[in-house]
Protein chains: 2
Amino acid sequence: MSTGPSRIKDPRLLDRVMSAEDAARFIQPGMTVAMSGFTGSGYPKAVPRALASRIEAAHAKGDDFRVRVLTGASTAPELDGALAKVNGIELRLPYQSDPILRDQINAGRIEYLDIHLSHVAQYAWFGLFGPLDVALVEVSAIREDGLLVPSSSIGNNKTWLEQAKAVVLEVNSWQPEALDGMHDVYYGTALPPDRRPIPLLHPGDRIGEPYLHCPPEKIVAIVETHAPDRSSAFSAPDAQSEQIAGHLLEFLEHEVAHGRLPPKLLPLQSGVGNITNAVLAGLGRGKFSGLSAYTEVIQDGMLDLVANGTLEIASATALSLSPDATERFVRDIDRYRQHIVLRPQEISNHPELVRRLGCIAMNGMIEADIYGNVNSTHVMGSRIQNGIGGSGDFARNGYLSCFMSTSTAKNGSISRIVPMVSHVDHTEHDVSIVVTEQGLADLRGLSPKQRARQVIARCAHPAYRPMLEEYFERACSKSFGKHTPHLLDEALSWHQRYVTHGTMRPDANNSNT
Amino acid sequence: MSTGPSRIKDPRLLDRVMSAEDAARFIQPGMTVAMSGFTGSGYPKAVPRALASRIEAAHAKGDDFRVRVLTGASTAPELDGALAKVNGIELRLPYQSDPILRDQINAGRIEYLDIHLSHVAQYAWFGLFGPLDVALVEVSAIREDGLLVPSSSIGNNKTWLEQAKAVVLEVNSWQPEALDGMHDVYYGTALPPDRRPIPLLHPGDRIGEPYLHCPPEKIVAIVETHAPDRSSAFSAPDAQSEQIAGHLLEFLEHEVAHGRLPPKLLPLQSGVGNITNAVLAGLGRGKFSGLSAYTEVIQDGMLDLVANGTLEIASATALSLSPDATERFVRDIDRYRQHIVLRPQEISNHPELVRRLGCIAMNGMIEADIYGNVNSTHVMGSRIQNGIGGSGDFARNGYLSCFMSTSTAKNGSISRIVPMVSHVDHTEHDVSIVVTEQGLADLRGLSPKQRARQVIARCAHPAYRPMLEEYFERACSKSFGKHTPHLLDEALSWHQRYVTHGTMRPDANNSNT
């Protein structure tokens, strides 16, 4: 299956090379399997499918066969999709974005734990997930000395390899050999009371080693693959994304002009998606230079900023590139290696480092309320979309926490600015900036009622703005307390209307009832 | 006014000694006044009252006179109460607990900013509160060299003294002279991108200096006082507090037995109140030793633990003791000084340190919902009680985050376990343990529905448990999504019922409507 010379250079391990089907036999019903993978990169590509086949066969015989699946973050159809399709997942954490898996979670058939990405490794060390039976980790090569060259993401792999009883490796020859040297795996973490300061002062600092360790005796199977990461093409930013990006860029320039941000800004964290890509594209249009990123994922937009010199250094835990960008990346990898560092996710998202570096956190949202609470995870308060991911790691401890989305969704039937969010992932205490295509609300240093006026005036869509104004005015006069005025019997009525009538617009009440 | 020799030993400053009334003249309408004070200790005691008189006189003449008041945390009637009574406060942050002030905030007459206590100093440095016109800070003495011996709390005083244009000092000779040497003021903080690791590895480490700096030319007035801190007697823990403490202590022992906590536990953070005092009392009954605390406030319970040797070291930003405990403290201060360190609140609550040390956070709450979201601030979603204080600093970054309260309030008319909290201060991602007198729910490693079953079964009061079970079951079958099942038109109906009928019990609907 591999092209070119074998990537498995440690002769001690050659006897463990086998097919994905054979490797999947190490995974038994009920096991906890800790897998690699972060934002569709560096996930195992062969064994999960072989496992899905085993599970399907077991189910056909009437046997129960489900596993608990832990990863770095989201993976791809050949992992989450394949396993969910055969009803093979009992529990999943800490993040997912697969449509089949999501449907099963929202049907109540899979237990899903939505966890801050920086917390996962320490929770495993605390023992909160129970024993890890198998680590299933993609690497890009195994060196002569047995050290593992990480793949296109690191995620929780260090912890999985250390904690699991048995290790199955996928060695993926599709991953560029030149990834070697791009990683920085920090081996200095510990459990309290033995923790020490993490010696990272700048986004580009290298504080660890380029390789992952794994005792050879723990490795039970090695599968060779040659398969691309899930990588979807990016569409060019649409007009609304450009408007949102424009508001945020204008704000950043304004903050620099007022001396509240240095000209090189502060390390950028950027969530995934078209809006943040539009922001990154805007940053590359000449007004900024010498920037840095301390983030989870390097996407196309960030790679472009490295390519054109706007971004001097980008630190992340994963590369998640489109096919085009992958090609550019591989072609110029030796240059990119000077500007990119990949780290374990507990370091890329570590609260100590996010606070020290003063990250500018830029993340998408499902909705915000007039008081600045943000829902990142639950549609209509109950249906999980993906998960909180790293947004909380950065929003809670960063210098600026910006949340962005269009002001409406589903052709205007949903307002993303609501009286009260139906689920809270980021509290009023942790949200500084809310941006929609309508405008930007700077909530820093404002009381709840001052925030409400800003959010309504600047971020709400004109179709919903009068309804929000009216709610807020009535709440200000009738609320039980007038610090954060709310009418409890109406606060979630917009969501209820959507659930019942398919739109938050009130006229639906008349037409449908 | 002062007893004994003057505490003002720097001869350069003697010309600025004046009455509180004269000092209050430095404060003009609309000014931002940054005051000392944290949990009723170390706040200025004379100038705020003189300021209140000035304000009252101005109002009598029809002039507008209000100020913006910043502190460390809560103060006392002679500050917040006196100023609120004369309608002298325009804006208040970051925490308060004064009944008169609270009523004005909830009447919508004062803008109140409820901010994580660890964020306040950095926000001032970021410029989010605008220029600080006057710092009004209590100290216990001024040394010959002009260095200031801090009072019974440090709070944000370092930042206020550095940032304010003018400084008014109150030198309070009631504060024990022997406080000298107990403080550790860290001068190593910076704005990003110049931040460095904070070199604190253990709760007792001293990383700064015992004194506060202030350029003498900035000091415009010095007022001598001899006045006690607000200090209220503690009532003995009631039966419910003892039960809550019992559940938590049993859990901690269980965690030690299972190797998830070391025998000396991890540094304790303890919120204010009778329940946490009961926990501390329980810790002192012999099963634990060699403990440490890394917390905001040292109250009676913690002092007792130091006295009996259970607690080896306690780090905080404030002492808040009853009259009895104050007497014991002063009598034995040289011994206590070996075991107590007082720090600026940005260090006592710093996320970097809370995470590194792995604090066990124990805080009260207003309510929790079945999915583990916690409301610490808003009664019925709109009426502010006190504020989030430091609970978020510790809950978000600590090792364990425990929230405690009785299962009901107001003679059973309020259930503190509800379908959905009416305000979220600590999200489902950040809450590990919920405790009531009924029992303890360990939410770590559980999905939302697993959490709901635990919270309902273990924490809810029997009078409300069937209602919660019934809500949860119906939500599981009828919710839009079944990851976090909710019925949006009922989720806040318990609170609405309380607002309308004065009780969350449903029978009230029948009797009153």
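Which residue of chain B comes closest to the rotation axis? I started my notebook with that. It is Glu352(B), with its C-alpha at 2.2 Å from the axis. I note here that I am working on a predicted model.

**Symmetry.** I laid chain B on chain A. The RMSD came out at 0.0 Å, after a turn of 180° and a shift of 0.0 Å along the axis. I therefore wrote down a two-fold axis, since that is the relation these values describe.

**Contacts.** I looked up who touches whom. On one side stand 78 residues of chain B, in contact with 79 residues of chain A. I then compared the two sides. The copies meet through the same surface, because 100% of the interface residues of chain B are also interface residues in chain A.

**Area.** I read off about 7,000 Å² buried between chain B and chain A. Carbon and sulfur atoms give 57% of that area.

**Salt bridges and polar contacts.** I found 4 salt bridges across the interface of chain B and chain A. I looked up one of them: Arg356(B) pairs with Glu352(A), and their closest N and O atoms are 3.2 Å apart. I also found 36 residue pairs in polar contact across this interface, both residues at pLDDT 80 or more.

**Make-up of the B side.** I asked which element gives the largest share of the side of chain B that touches chain A. That is helix H13 of chain B, residues 351–357, with 5 residues. By class, I noted 32 nonpolar, 28 polar and 18 charged residues on the side of chain B that touches chain A.

Definitions and conventions: Residues numbered from 1 in each chain as written. Chains lettered and ligands numbered in written order. Predicted model: local features only at pLDDT ≥ 70, side-chain atom pairs only at ≥ 80, totals over all residues. Heavy atoms only, no water. Least-squares fit on C-alpha atoms with pLDDT ≥ 70 in both. Contact = heavy atoms within 4.5 Å. Buried area = accessible area lost by both parts, 1.4 Å probe. Salt bridge = Lys/Arg side-chain N within 4 Å of Asp/Glu carboxyl O. Polar contact = N/O pair within 3.5 Å; in protein donor to acceptor, adjacent residues only side chain to side chain. Helix = DSSP H or I, 4+ residues; strand = E, 2+ residues; numbered from the N terminus. Nonpolar A, V, L, I, M, F, W, Y, C, P; charged D, E, K, R; others polar.
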